[in-house]
Amino acid sequence: MRKFLFIILSAICLTIPLQSVAQIAIVTVYQCAPCGCDSDHEHFDQPGKCPSCGMKLEAVTEPSKALRNLKEPMNVAILLYYHAQVLDYAGPYDVFTSAGENFNVYTVAETLEPVITMPNLTVIPQYEISNAPAPDIIIIPGGMWNTINEQTQYWIMQNSEPADHVFSVCTGAFILAEADMLNGLEATTHRAGLDLLQSKYPTINVQDKVRFVDNGKVITSAGVSAGIDASLHLISKILGVGWAEAVARNLEYNYVPASTN
């Protein structure tokens, strides 16, 4: 009887494709989200909570490696001005501050006076343009972009040249266009402003139906929430896709590493 059963089982195994056999051999391990804590790189053989951050461990078949960190944090300056759109600056702020100590994120405005942003949210800037730390990354939100004065425009132009990255959110593209920073480049903005951007600045190759456009140093995003996509994209360029996925997971944001809708 045993010999008979062995023959039957052997015959069944021979009919299973090699790919299926490989899938059967996969061992599930448990790992932190990751979230940037000290246990991101550790693997566990039982479900439970992360010993470092306390979050629930996830079952994975392809464990991620330890997240790479910068040796020195990058300065991220987020411009504030009258009636800047809230999510245009708050979205990127949340994304970059969620990437651990890799980024020193701060807001900057013409003065330290409270700024009324849109819709009717008052924010106190951390720095004024005269004494703000030199930025490695400059983020220009959209809103009432035509309220930007000459002093602020000069700050943008002066600091954009040495910065590693400059990106606009929504109609913030008009601010970069006024600073002659989009000439000959591809760019996008809020869908309602695409035609205006193209007609007002004909040297710009305006792109439709994209979440953001990456020209290397200069990045422009579509409206409002697209600034989050552009921020995650930039983090993936600097730190790798693992960090972008970790930040998106913590923010419970549907991160798709592509520029198209």
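Let's start with the overall architecture: this protein is built from 8 helices and 13 strands. What you are looking at is a predicted model, so a word on confidence comes early. The mean pLDDT is 87, and 85% of the residues reach 70 or more.

Two stretches call for caution. Over residues 2-12, pLDDT stays under 50, and the model gives this segment 0 contacts beyond four places in sequence. Residues 18-24 also stay under 50, with 1 contact beyond four places in sequence. Where pLDDT is low, the predicted coordinates should not be read in detail.

Now to the chain as a whole. Of its 261 residues, 44% count as buried. If you take the contacts with a separation of 6 or more, 63% of them join residues 24 or more positions apart. The accessible surface comes to about 14,100 Å², and carbon and sulfur atoms contribute 55% of that area.

With that picture in mind, let's visit strand β13, which covers residues 218-221 and includes Ser221. Is Ser221 buried or exposed? Ser221 counts as buried, because its relative accessibility is 0%. Leaving aside residues up to four places away in sequence, Ser221 touches Ser168, Val169, Cys170, Thr188, Thr189, Arg211, Phe212, Ala226, Gly227 and Ala230.

One of those partners, Cys170, is itself buried, with a relative accessible area of 7%. That brings us to the cysteines: how many disulfides does the model contain? With sulfur atoms required to lie within 2.5 Å of each other, the count comes to 0 disulfides. Cys50 shows how the cut-off works, since the nearest cysteine sulfur, that of Cys53, is 3.7 Å away, and Cys50 is in no disulfide. Cys50 is also buried, because its relative accessible area of 3% falls under the 20% limit.

Our last stop is helix α8, residues 241-250. Which of its residues are buried? They are Trp243, Ala244, Ala246, Val247 and Ala248. To make sense of such a pattern, recall that an α-helix has 3.6 residues a turn, so residues three or four places apart point the same way. As for what lies against them, the buried residues of α8 pack against α3 (86-97) and α7 (226-239). Helix α7 also takes us back to Ser221, whose contacts include Ala226, Gly227 and Ala230. Beyond the end of α8 comes Glu252, which has a positive phi, near 55°.

Notes:
Residues are numbered from 1 along each chain as its sequence is written. This is a predicted model: local features need pLDDT of at least 70, side-chain atom pairs count only at pLDDT 80 or more; totals for chains, interfaces and linings use all residues. Side-chain values use heavy atoms; hydrogens and water are left out. Helices (H or I, at least four residues) and strands (E, at least two) are DSSP runs, numbered from the N terminus. Buried means under 20% relative accessible area, exposed over 50%, partly exposed in between (1.4 Å probe, protein chains only). Contact means heavy atoms within 4.5 Å. Accessible areas come from the Shrake-Rupley method with a 1.4 Å probe; for residues, only the protein chains shown count as cover. pLDDT is the predictor's confidence in each residue, from 0 to 100.
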